[in-house]
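Grab a coffee and open the viewer: here are a few short exercises to work through with the model on screen. Try each task before you read its solution.

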Amino acid sequence: MYKGLALIFGFYFLGELTSGLLKLPIPGSVLGMLYLTLALLSGLVKLEDVEDVAEFLVRNMSVMFIPPGVGVIAYWSLVQSQLLPLSLALALSFAATLVTTGKLIDLLGGEE
């Protein structure tokens with residue numbers, strides 16, 4: 001389990017380091033996930049090495065949503081005053097994600 005944690009956090013750190021040093025607009029966590037994906041696909045990292053830790057993190061992901069939920073409650077007056085722009089942004093981003101995902105599935109040959 002320690003090896004899996006070290007690999008996951010190592011790739012996270014590598015992504016944060018890359019993003020910080022190169023001043024990229026992409027978050028380091030996203031770069032770290034890309035690095036880990038490439039390492040898994042190339043065989044540099046074996047799936048068995050990170051699988052148990054990844055499953056544990058996914059099973060307990062709901063705990064990660066507690067701080068943002070508390071933030072929304074703490075700043076409810078600010079959220080309330082900006083409810084229309086926030087709602088529009090959420091609706092538009094949802095629609096864009098839905099359309100993009102559908103087009104990507106069509107492009108990759110999801111339906112024959």
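**Exercise 1: Placing Leu5**

Leu5 lies in helix H1. Keep in mind that this is a predicted model. Your task: decide whether Leu5 is buried, partly exposed or exposed, and find which residues are in contact with Leu5 beyond its sequence neighbours.

*Solution.* Start with accessibility. Buried means under 20% relative accessible area and exposed means over 50%. Leu5 has 28% relative accessibility, so Leu5 counts as partly exposed. Next, look for contacts, leaving aside neighbours within four places in sequence: Leu5 is in contact with Gly10 and Val53. Finally, pick Gly20, which is 15 residues from Leu5 along the chain; the two C-alpha atoms are separated by 22 Å.

**Exercise 2: The two sides of H1**

Work out how many residues H1 has, which of them are buried, and why they line one face of the helix.

*Solution.* First, the extent: H1 runs over residues 2–22, which makes 21 residues. From first C-alpha to last, H1 reaches 30 Å, close to the 30 Å expected at 1.5 Å a residue. Second, the buried set of H1 consists of Gly4, Ile8, Phe11, Gly15, Thr18 and Ser19. Viewed down the axis of H1, these buried residues fall within an arc of 100°, so they line one face of the helix. A general rule helps here: an α-helix has 3.6 residues a turn, so residues three or four places apart point the same way. Third, turn to the face directed away from the buried side, where you will find the exposed residues Tyr2, Lys3, Phe13 and Leu21. Last, ask what covers the buried residues of H1: the cover includes helix H2 (28–42) and helix H3 (47–59).

**Exercise 3: Thr18 and Lys23**

Compare these two residues: which elements hold them, and is each buried or exposed?

*Solution.* Thr18 lies in helix H1, and at 16% relative accessibility Thr18 counts as buried. Lys23 is found in the loop between H1 and H2, and at 71% relative accessibility Lys23 counts as exposed. The two also meet: not counting residues up to four places away in sequence, Thr18 touches Lys23, Leu24, Leu31 and Tyr35. Now check the backbone of Lys23. Its phi is positive, about 50°, although Lys23 is not a glycine.

**Exercise 4: Finding the core**

Identify the residues of the largest nonpolar core and the helices that each supply at least two of them.

*Solution.* The largest nonpolar core has 7 residues: Ile8, Phe11, Leu36, Ala39, Val45, Val50 and Val53. H1, H2 and H3 each supply at least two residues of this core. Then follow Phe11: not counting residues up to four places away in sequence, Phe11 touches Gly32, Tyr35, Leu36, Ala39 and Val45.

**Exercise 5: Zooming out**

Describe the whole protein: how many helices and strands are there, and what is its radius of gyration?

*Solution.* Begin with the secondary structure, which comes to 6 helices and 0 strands. Then take the radius of gyration, 19 Å, where a compact globule of 112 residues would have one near 13 Å. The C-alpha trace spans about 50 × 45 × 35 Å along its principal axes. Of the 112 residues, 13% count as buried. To finish, the accessible surface comes to about 9,100 Å², and 74% of it belongs to carbon and sulfur atoms.

Definitions and conventions:
Residues are numbered from 1 along each chain as its sequence is written. This is a predicted model: local features need pLDDT of at least 70, side-chain atom pairs count only at pLDDT 80 or more; totals for chains, interfaces and linings use all residues. Side-chain values use heavy atoms; hydrogens and water are left out. Helices (H or I, at least four residues) and strands (E, at least two) are DSSP runs, numbered from the N terminus. The expected span of a helix is 1.5 Å times one less than its number of residues. Buried means under 20% relative accessible area, exposed over 50%, partly exposed in between (1.4 Å probe, protein chains only). The arc is that of the directions from the helix axis to the C-beta atoms. Contact means heavy atoms within 4.5 Å. The radius of gyration is taken over C-alpha atoms; the globule rule is 2.2 Å times the number of residues to the power 0.38. Accessible areas come from the Shrake-Rupley method with a 1.4 Å probe; for residues, only the protein chains shown count as cover. A nonpolar core is a set of buried Ala, Val, Leu, Ile, Met, Phe, Trp, Tyr and Cys residues joined through side-chain atoms within 4.5 Å.
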